[in-house]
Amino acid sequence: MTGKKLDIEKITDERFGKWKEQFLDGKVLSDQALHEIKQAFDLDPRTTETVSITCDEAHRHNWSCLDFSNRYSAVVLRLINEIEDYRARFNEIMQKADYKK
């Protein structure tokens, strides 16, 4: 692996345990948890140094257009995208069903 060390790789085991408890151990991943995961793996599209687009064409970029300098970030980004897609589908179903909490 090349590239800079991720924030998640820099923290102590004790601090990771607290971070995990706060953001990962809940029944559902909150929006804040997803944000924190993106930050920890350098996946904020505005500031990332880990992910780059490897083509210059004006089209909707897909996975083959991305280059990752950290393989863990690549896996985490794919998982986060899947989570966000499922959330959007679930919310759409709830709205169509006029679901009331």
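A residue counts as buried when its relative accessible area is under 20%, as exposed when it is over 50%, and as partly exposed in between. The exercises below apply this scale to a predicted model.

**Exercise 1. Classify Asp25 and describe its salt bridge with Lys20.**

Solution.
Step 1. Asp25 has a relative accessible area of 44%. This value lies between the two cut-offs, therefore Asp25 is partly exposed.
Step 2. Lys20, with 33%, is likewise partly exposed.
Step 3. Side chains of opposite charge can pair when their charged atoms come close.
Step 4. A salt bridge requires a side-chain nitrogen of Lys or Arg within 4 Å of a carboxyl oxygen of Asp or Glu. The nitrogen-to-oxygen distance between Lys20 and Asp25 is 2.8 Å, and their side chains meet in a salt bridge.
Step 5. This pair belongs to a structure that holds eight salt bridges.

**Exercise 2. Set out the order of the secondary structure elements and the overall dimensions of the protein.**

Solution.
Step 1. The protein contains four helices and two strands.
Step 2. Read from the N terminus, the order is α-α-α-β-β-α. The two strands therefore stand between the third and the fourth helix in this order.
Step 3. The C-alpha trace spans about 50 × 45 × 20 Å along its principal axes.
Step 4. The radius of gyration is 16 Å, whereas a compact globule of 101 residues would have a value near 13 Å.
Step 5. Of the 101 residues, 25% count as buried.
Step 6. The accessible surface comes to about 8100 Å², and carbon and sulfur atoms account for 51% of that area.
Step 7. Among contacts between residues at least 6 apart in sequence, 45% join residues at least 24 apart.

**Exercise 3. Identify the helices linked by the salt bridge of Arg87 with Asp31, and state how exposed each partner is.**

Solution.
Step 1. The side chains of Arg87 and Asp31 meet in a salt bridge, with 2.6 Å from N to O.
Step 2. Arg87 belongs to helix α4 (residues 71–96) and Asp31 to helix α3 (residues 31–40); the pair links distant parts of the chain, 56 residues apart.
Step 3. Arg87 is partly exposed at 24% relative accessible area. Asp31, at 61%, counts as exposed because its value is over 50%.

**Exercise 4. Determine which helices are linked by the salt bridge between Lys38 and Glu84.**

Solution.
Step 1. The closest N and O atoms of Lys38 and Glu84 are 2.9 Å apart, and the two residues form a salt bridge.
Step 2. Lys38 is in helix α3 and Glu84 in helix α4, so this pair links parts of the chain 46 residues apart.
Step 3. Both partners are partly exposed: Lys38 has a relative accessible area of 23%, and Glu84 has 31%.
Step 4. For the protein as a whole, the mean positions of the 17 positive and 19 negative charges are 4 Å apart.

**Exercise 5. Describe the surroundings of Leu34 and decide whether Leu34 is buried or exposed.**

Solution.
Step 1. Leu34 lies in helix α3.
Step 2. Its relative accessible area is 4%. Leu34 is buried because this value is under 20%.
Step 3. Leaving aside residues up to four places away in sequence, Leu34 touches Leu29, Ile80, Ile83, Glu84 and Arg87. Two of these contacts involve salt-bridge residues: Glu84 pairs with Lys38, and Arg87 pairs with Asp31.
Step 4. Ala97 is 63 residues from Leu34 in sequence, and their C-alpha atoms are 26 Å apart.

**Exercise 6. Locate Asp42 and comment on its phi angle.**

Solution.
Step 1. Asp42 is placed in the loop between α3 and β1 (51–53).
Step 2. Its phi is near 55 degrees, a positive value in a residue other than glycine.
Step 3. Asp42 counts as buried because its relative accessibility of 8% is under 20%.

**Exercise 7. Give the location, exposure and listed C-alpha distance of Gly17 and of Asp85.**

Solution.
Step 1. Gly17 is in helix α2 (residues 13–23) and counts as partly exposed at 33% relative accessibility.
Step 2. Gly17 and Gln39 are 22 residues apart in sequence, with 17 Å from C-alpha to C-alpha.
Step 3. Asp85 is in helix α4 and is partly exposed, with a relative accessible area of 41%.
Step 4. Asp85 and Tyr72 are 13 residues apart in sequence, with 20 Å between their C-alpha atoms.

Key:
Residues numbered from 1 in each chain as written. Predicted model: local features only at pLDDT ≥ 70, side-chain atom pairs only at ≥ 80, totals over all residues. Heavy atoms only, no water. Rg over C-alpha atoms; globule rule 2.2 N^0.38 Å. Buried < 20%, exposed > 50% of the residue type's maximum accessible area, 1.4 Å probe, protein only. Contact = heavy atoms within 4.5 Å. Areas by Shrake-Rupley, 256 points an atom, 1.4 Å probe, with all protein chains shown as cover. Lys, Arg positive; Asp, Glu negative; His and termini not counted. Charge placed at Lys NZ, Arg CZ, Asp CG, Glu CD.
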